[in-house]
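Biologist: I'm new to this one, so could you walk me through it? Let's have the picture up first.

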Amino acid sequence: MLITLENLDQLAWEKGDGMLPLIVQNAFSGKVLMQGFANKAALEKTFESGLVTFYSRSKDRLWTKGEESGNSLNLVELSTDCDRDSLIALAQPVGPTCHTGTETCWDTEAQPHLAFLSDLQDVIASRKGTDPESSYTAHLYSRGVKRISQKVGEEGVEVALAATSGDKDELICESADLLYHLTVLLQSMDLSLTDVIDKLKERHAK
């Protein structure tokens with residue numbers, strides 16, 4: 001069930017003596033970022049501010065992630081499980097989430113395979129405006145949208161040829177090249193894979 005400011009009373013607060021576990025996931029990659037606890041007041045502040053807020057048991061007060069470090073969690077969506085006694089917040093992180101300076105509070109090796117696309121997109125985005133001699137990606141950006149588009153077209157043809165020939169290893173390699181160059185193209189147009197996924201979801205719903 002999606003949680004809103006209006007239906008907070010429907011949560012099973014009595015099971016946790018007024019406090020429920022709150023897990024935060026990256027809204028794009030699905031990576032689990034952190035886990036804390038929230039009472040009703042924390043969720044009210046989350047909705048009012050748009051920033052994920054917990055109840056800190058050690059500080060005995062409401063605590064908004066990033067209030068000191070600046071590494072906040074911008075709320076996208078909040079939901080509860082079938083028993084309404086635990087919560088998941090989908091969020092867009094600003095900076096690393098863990099206090100150790102890492103992206104998540106969990107082992108980054110134990111992440112879903114598809115989450116790598118998020119990591120790749122972030123790396124590609126970081127190359128915009130950098131020295132063209134510093135990386136192939138930066139060099140592509142310096143050539144402009146026309147050249148990047150040409151590369152996407154070339155890689156698309158290579159993918160089709162590999163599939164036609166039945167060479168699975170080559171198909172994998174060319175598909176990787178296509179995904180990479182497509183991501184560069186989207187970034188060059190100030191778009192992202194999220195925009196593409198949103199369109200796919202829109203079509204699927206019809």
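Biologist: Which domains does the domain assignment give for the chain?

Modeller: Bear in mind that this is a predicted model. The bounds come from a domain assignment, and for this chain it gives domain 1 (8–93) and domain 2 (114–205).

Biologist: How many Å apart do the C-alpha centres of domain 1 and domain 2 lie?

Modeller: Take domain 1 (8–93) and domain 2 (114–205). Going from one C-alpha centre to the other, the distance is 34 Å.

Biologist: Which helix gives the most to the negative patch?

Modeller: That patch sits on the surface, where Glu158, Asp167, Asp169, Glu170 and Asp177 gather. Three of its residues come from one helix, spanning residues 168–188, and that is α5.

Biologist: Is Asp169 buried or exposed?

Modeller: Asp169 belongs to helix α5 and is one of the patch residues. Exposed means over 50% relative accessible area. Asp169 has 59% relative accessibility, so it counts as exposed.

Biologist: Where is Asp60 found, and is Asp60 buried or exposed?

Modeller: Asp60 has a positive phi, near 55 degrees, though it's a residue other than glycine. You'll find Asp60 in the loop between β3 (53–56) and β4 (61–64). Because its relative accessibility is 56%, Asp60 counts as exposed.

Biologist: What is the phi of Asp17, which is not a glycine?

Modeller: Look in the segment before β1 (20–26), where Asp17 has its place. Asp17 counts as exposed because its relative accessibility is 76%. Its phi is positive, at about 55 degrees.

Notes: Residues are numbered from 1 along each chain as its sequence is written. This is a predicted model: local features need pLDDT of at least 70, side-chain atom pairs count only at pLDDT 80 or more; totals for chains, interfaces and linings use all residues. Side-chain values use heavy atoms; hydrogens and water are left out. Helices (H or I, at least four residues) and strands (E, at least two) are DSSP runs, numbered from the N terminus. Buried means under 20% relative accessible area, exposed over 50%, partly exposed in between (1.4 Å probe, protein chains only). Patches are made of residues with over 30% relative accessible area and no salt bridge: like charges are joined within 9 Å, nonpolar side chains (Val, Leu, Ile, Met, Phe, Trp, Tyr) within 5 Å. Accessible areas come from the Shrake-Rupley method with a 1.4 Å probe; for residues, only the protein chains shown count as cover. A salt bridge is a side-chain nitrogen of Lys or Arg within 4 Å of a carboxyl oxygen of Asp or Glu. Lys and Arg count as positive and Asp and Glu as negative; His and the chain ends are not counted. The place of a charge is taken as NZ of Lys, CZ of Arg, CG of Asp or CD of Glu.
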